[in-house]
Amino acid sequence: MRFVSGLLGNDSNQLLNSHGHRSKEINDVNLRNYILFVGDNAGLKLDMPIEDTFPYITANKLKIDYYNLSIFNGGIDAVKYNLFVWLSKYPPPKAIITSCEFVNALLVSDHNNSYLNVADLSDHYVQDLNDSANNCGFFAGRNMLIDKMLSNYTSIPIYQVSIKDKLNPFSLNVINVDWDEVSHEDLAQSLSTVIQSRIQRARASV
């Protein structure tokens, strides 16, 4: 992981832009008409052509631009950080789509804050920390606060990809779209249908 212009990005990879995101460069995005994806592995899929991933397909179906802030193994902390930084720096998107497989991922650094990495789950100290955080309710409390922060911070419509057998990070003021992690095309169709329907209702009420 690395920081570029205040945003958290993935390590350099030829599939990623200069910020470490699987998206076109920020300057090339139509920030007057776009949707924003934020999450972790589910929204990246580096083993697939970008044209086959649900962020690309969803935006294409909606005929709208998009940016993808997903961070590999980043969990809820990466989601929170990138989302709030983005919303403070750039024009608001038409919609936010979250997809988080590893909500309780732990990010670690040293005392000098010289790096930020995903905690090594084979380390017995990390295993003990993970168990303790689960048992004492730390993860639950952290997720509750982030959920409430986001709910109070923005009125932008938020669509949560609800991944089968995975913990959903958000419960307040979000629209869940179920996904079994099989077909990106099917998920994109569901997302685009729900988003378009809400846009039409909003226009009709004006």
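Strands here are DSSP runs of E at least two residues long, numbered from the N terminus.

**Figure 1. Overall fold of the chain in the predicted model.** The chain contains five helices and nine strands. In sequence order these elements follow the pattern β-β-β-α-β-α-β-β-β-α-α-β-β-α. The C-alpha trace spans about 55 × 35 × 35 Å along its principal axes. For 206 residues, a compact globule would have a radius of gyration near 17 Å, and the chain agrees with this because its own value is 17 Å.

**Figure 2. His 19 in the loop between β2 and β3.** The flanking strands are β2 (7-9) and β3 (34-39). His 19 has a relative accessible area of 10%; this is under 20%, so the residue counts as buried.

**Figure 3. Contacts of His 19.** Residues up to four places away in sequence are left out of this view's contact list. Among the residues that His 19 touches are Arg 2, Val 4, Ser 5, Leu 7, Gly 9 and Asn 10. His 19 also touches Glu 25, Ile 26 and Tyr 67.

**Figure 4. Burial and contacts across the chain.** Of the 206 residues, 46% count as buried. Considering contacts between residues at least 6 apart in sequence, 68% join residues at least 24 apart.

**Figure 5. Exposed area and charged side chains.** About 10700 Å² of the chain is exposed, and carbon and sulfur atoms supply 50% of this area. The chain carries 17 positive and 22 negative side chains. The centres of these two sets lie 12 Å apart.

Key: Residues numbered from 1 in each chain as written. Predicted model: local features only at pLDDT ≥ 70, side-chain atom pairs only at ≥ 80, totals over all residues. Heavy atoms only, no water. Helix = DSSP H or I, 4+ residues; strand = E, 2+ residues; numbered from the N terminus. Buried < 20%, exposed > 50% of the residue type's maximum accessible area, 1.4 Å probe, protein only. Contact = heavy atoms within 4.5 Å. Rg over C-alpha atoms; globule rule 2.2 N^0.38 Å. Areas by Shrake-Rupley, 256 points an atom, 1.4 Å probe, with all protein chains shown as cover. Lys, Arg positive; Asp, Glu negative; His and termini not counted. Charge placed at Lys NZ, Arg CZ, Asp CG, Glu CD.
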